[in-house]
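Work through the exercises below with the sequence and the model open. Try each task before reading its solution.

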Amino acid sequence: MTDSESRNQPAQIASPLSVASQKSWFQLPRSLSTFETWGFGTTGLLLWFGVAPAMHIELGEKAIWVWIPSAFVAVFLNLQIRNLGKHWQDMSGGTPNYTVRLLKEYPFIAKYGAIGYWLGWVSVPAINAIILADLIKSILLDFHIYIPDGFLKVAFVFLPYVVAFSGTRSMAIFQAFFIVPAVSLFLAFCIGGLNWLAFDPTSPGFLSTGGVSAPSFVLWAKWYFVATYAIYGCETASSFVAESRRPDLTLKCLQYMAILIPVVYVGGSWVLARLSTNPLAGENTYLHLLDAAKPFWGAAASPLITFLVAAGCLLSSVTAASNSPRVLYQLAQERHLSPLFTLFTPRSVIGHGLVATLIMSLLCLFWGDVSRIVMITGTGYLSSITILHLAIWLKRDRPETLYPHWAVLFLAIESVVLVVGGIAWSWQDLLIGLLLPIFVLGADALMRRLPFAFFHVQWWEKIYRHKTSLRSFDFMIVQTITIIILVCGSTGIGWLAFSLLDQHAEHSDTNRNALFLVLLLVVAFLGIAIACWTSLPQVMTMEEARQRAEHLFVAALDAMLIVNNRGEICQANPAAASLFEIDAMQLIGKPLGLFLEGIDYDPALWDNLSERELKHKYRFNTEAKIPSVVEVAVSEYFNQSDRTQEYIAILRDITDRKYAEKWLQRSLNEQEQLTQQANAQAQELEIVLQDLKNTQAQLIQTEKMSSLGQLVAGVAHEINNPVNFIYGNLSHSFVYSRDLLELVRRYQAWEKQQAIAPDPDIQSFIADIDLDFLQEDFPKVLHSMKMGAERIRQIVLTLRNFSRLDEADMKPIDIHEGIDSTLLLLQNRIKGNPHQKEVHILKNYGDIPVVDCFAGQLNQVFMNLIGNAIDALQEREKLGFFATGNEQPQIIISTEIINNNLLQISFKDNGCGMPESVREKIFNPFFTTKPVGEGTGLGLSISYQIIVDKHGGTIQCLSEMQKGTEFLIQIPLSQPESQRA
């Protein structure tokens, strides 16, 4: 994948199949130059600033016994990593991921080491933030200015990530801009200091007069533990081999770093030990370096050391922000971490890896001072290098490994240092450092198992694709506003700094210059970030467009020419040379009119699209000599470099097409008449078949509904007479029963009044029939019989209303009465039972007058639509959608008047809905989605004919999957007299 192609790709993820084969279709693009990767690779030298001052405070000159052996191991480490990189040039992340590849049989140990390495690097921005904050505080204290160090530390932690989120190229640009002066100045400090100590008569001497005694073993192990945090970090170029355009040259950086490690770490530490004697410097890196540089740099020491410390810290922080996400990316590529870490943007920003690195950097910042941060995170880092040496020994027979016997020696030393040195610092911090990688791996495992979409790749892919689709957004507005803010902010900061310095004019220019350098670096840092957020994307887009246009010009199958305003050819692609059968260079300078018939020599008069014959070029067949014909498309553009009008001509050879068109036209003419006749007959036949099919369907359904109507009317009539007889006599029964019960009551009262003893037989019979209950319940029985008779009468009236045999002609009717009758007949399907829930009917009836219609046919439409809605609701209930109780099956029936002359009836359900492919066919005869034996496919077809053909109205279906279906019927309130007759 080329650099330009990669920037046009959306966010990608690694494929599991590609991981299994150790190849990925979604690798980070090779977009970095050799110089840019060397910028990242040489930053490891600058990690010296985070460790050397603290070691100098406790050991003094004895620190040299720590730096010499650690430098020896670091040189061998760089050479080993260079050899591994030669074999695995497509692997991002470098050293820890090489270890994972070597120890694939021991995945937990390998992952533990890789995460330990990552933790060592994520602490670098926090350590540098503390150093930079101390630097600025030291300078500002001379001006009696106080700035909260917490604010400065957090700001300096965030600063490299601002650049990192703008793209890998932006970080590489920053490195390329500052790495040469920073490293050169650092080497000048080391070599210049050694030279001054060796040859200047005023120096204290290159060596101490009494020699340098060795520290105790525990003290040596304690500081060797810390030294590895910096000196082993000079192999960072390996992290970017997979993104380098020249990986072989990038790996050479490791070889040169192996040469510079002794110069910087041994030589620089010796200069610091011999010349930094200020007891008030504490752990302040800036003051220690300033004290050491003043003897040989003099007055220039303050600004130079300020630049060196600030640039070194910023550069190593940028490298950490760039290197750390790539470790997570490669681990995720190999399926050791969540696939979220494989996502990256078109500008190679590994977003999730950057966020994780930023969070851990902030946690390190809040953890404590530099020594404690180095101790805790250095534990994981030293463990990772120890595991690497173990892997080299275990895989000593493989060609990727070098010096396996040295590796086992280094393994033994580092294991002892890890235990002894770690305990010497703090056994609690050592334990935290050893457990921290396990905690990170546990957090990753938990994240992969959480059910939230936020932790899954698919959710983030949609976000990235959505962002990629917003390319039409006018970025010029954001760019302009951002540049205005940057300019105004820089001016404001400069004015404020000038005012503060002016208030303290008594201070030396040295401190002013130092403060100016820090502000300059920070503003430059932000300036590069803003440029990468604004101008760089446009420059990249223009470069991509240029490369794409050149590629298309050369690779195009059509002949392409660039012509000047005199009609002369200025440039021709290979396809043009093939078309004219002339070398492309020989075409240059010749007028296009020499090759095309009928074309003017003035391009301004050319048509935008035309067909021309080529001069002196023919094709022969058995019948005739055919001239070659080309289609010419011309567009003009203004050449900004030459300030002239030019034209792009695209020529396509259409000779074969013209020849084919000639013979095809002849065949078409012969077949046209036959085709027209066949089409006419086919159309007539199709119309006849369709009419027959519709007539058959209508006759079947009409006969069916007619028979059903007659049956319903007959049943209603036969039931009506006995029901009327019962209902009519119920009123008399009420009177008779009331009178009889009153007679009994009066007789009982008379017996009591006369004190007559009741006859024993009568008394026994009263007890047997429970006279008191009979007197109370008998009126209720008669009342229940009356209610049942009224219900039967209502059903009979509903059946007669639905059948409407006495209203076969169009008459004014109450639509609501017809709908209610239909609902009553479907009551058995509507009400609930143990197997299905009750269908809730919601009626939104408007104020509707009587409507001219065929009552029986319209009731048939209502029956079809409501029945289908009930079927849809039952089908959805079978799928379990109404099981939770949050939603109930319902049908909403609405009526209203629209436009003062149309009645609109809506039947809306919350069933399954239907796809567009089904909705388009529902009114076709015999089309049904129901199983065989449950549907004929005629209901909606007949309903359509009744509404449209019989009533002059419309019926339409609105449906959405899993939302429901709505049928809208519109019919006129009144029909023409011809229709009513």
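**Exercise 1. A salt bridge across the chain**

Which residue forms a salt bridge with Arg829, and how far apart are the closest N and O atoms?

Solution. The model is a predicted one. Start at Arg829 and look for a carboxylate. The partner is Asp871, with the closest N and O atoms 2.3 Å apart. Next, place both residues. Arg829 lies in helix 29 (residues 827-830) and Asp871 in helix 30 (residues 855-878). The two are 42 residues apart, so the pair links distant parts of the chain. Now check exposure. Arg829 has 28% relative accessibility, which makes it partly exposed. Asp871 is partly exposed too, at 24%.

**Exercise 2. Two further salt bridges**

Find the distance, N to O, at which Asp444 and Arg448 meet, and say where both residues lie.

Solution. Their side chains meet in a salt bridge at 3.1 Å, N to O. Both residues lie in helix 18, four residues apart, about one turn of the helix. Then classify each one. The cut-off for buried is under 20% relative accessible area. Asp444 has 6%, so Asp444 counts as buried. Arg448 has 31% and is partly exposed.

Now take Arg566. Its salt bridge is with Glu568, and the closest N and O atoms are 3.2 Å apart. Arg566 has a relative accessible area of 51%. The cut-off for exposed is over 50%, so Arg566 is exposed. Glu568, at 24%, is partly exposed. Finish with the total: the whole structure holds 16 salt bridges.

**Exercise 3. A nonpolar surface patch**

Identify the element that gives the largest share of the nonpolar patch containing Ile438.

Solution. List the members first. They are Tyr106, Phe108, Ile109, Leu394, Val419, Ile423, Trp427, Leu431, Leu435 and Ile438. Together they have about 950 Å² of accessible area. Then assign them to elements. Helix 7 (107-122), helix 17 (404-425) and helix 18 (427-449) each give two or more residues. Helix 18 gives the largest share, four residues. Ile438 lies in helix 18. Its relative accessible area is 39%, so Ile438 is partly exposed.

**Exercise 4. The nonpolar cores**

Which residues touch the most other members of the largest nonpolar core?

Solution. This core has 154 residues. Trp48, Trp67, Trp118, Phe189, Tyr232 and Tyr265 touch the most other members. Helix 14 (residues 301-333) supplies the largest share, 17 residues. A second, separate core has 39 residues, including Ala855, Ile893, Ile971 and Leu973.

Go back to Trp48 and trace its contacts, leaving out residues up to four places away in sequence. Among them are Pro53, Trp67, Phe186, Phe189, Tyr265 and Leu289.

**Exercise 5. The span of a helix**

What span should helix 9 have at 1.5 Å a residue, and how far apart are its end C-alpha atoms?

Solution. Helix 9 runs over residues 149-164, which is 16 residues. The expected span is 1.5 Å times one less than the number of residues. That gives 22 Å; the end C-alpha atoms are 24 Å apart, which agrees. The buried residues of helix 9 include Leu152, Phe156, Tyr161 and Lys153.

**Exercise 6. The whole chain**

How many helices and strands are in the protein, and what share of its residues is buried?

Solution. Count 33 helices and twelve strands. Of the 981 residues, 47% are buried. Then consider contacts between residues at least 6 apart in sequence: 73% join residues at least 24 apart. Last, the surface. The accessible total is about 48700 Å², and 61% of it belongs to carbon and sulfur atoms.

Terms used. Residues numbered from 1 in each chain as written. Predicted model: local features only at pLDDT ≥ 70, side-chain atom pairs only at ≥ 80, totals over all residues. Heavy atoms only, no water. Patch = residues over 30% accessible without salt bridge, like charges linked within 9 Å, V, L, I, M, F, W, Y side chains within 5 Å. Areas by Shrake-Rupley, 256 points an atom, 1.4 Å probe, with all protein chains shown as cover. Salt bridge = Lys/Arg side-chain N within 4 Å of Asp/Glu carboxyl O. Buried < 20%, exposed > 50% of the residue type's maximum accessible area, 1.4 Å probe, protein only. Core = buried A, V, L, I, M, F, W, Y, C linked by side-chain atoms within 4.5 Å. Contact = heavy atoms within 4.5 Å.
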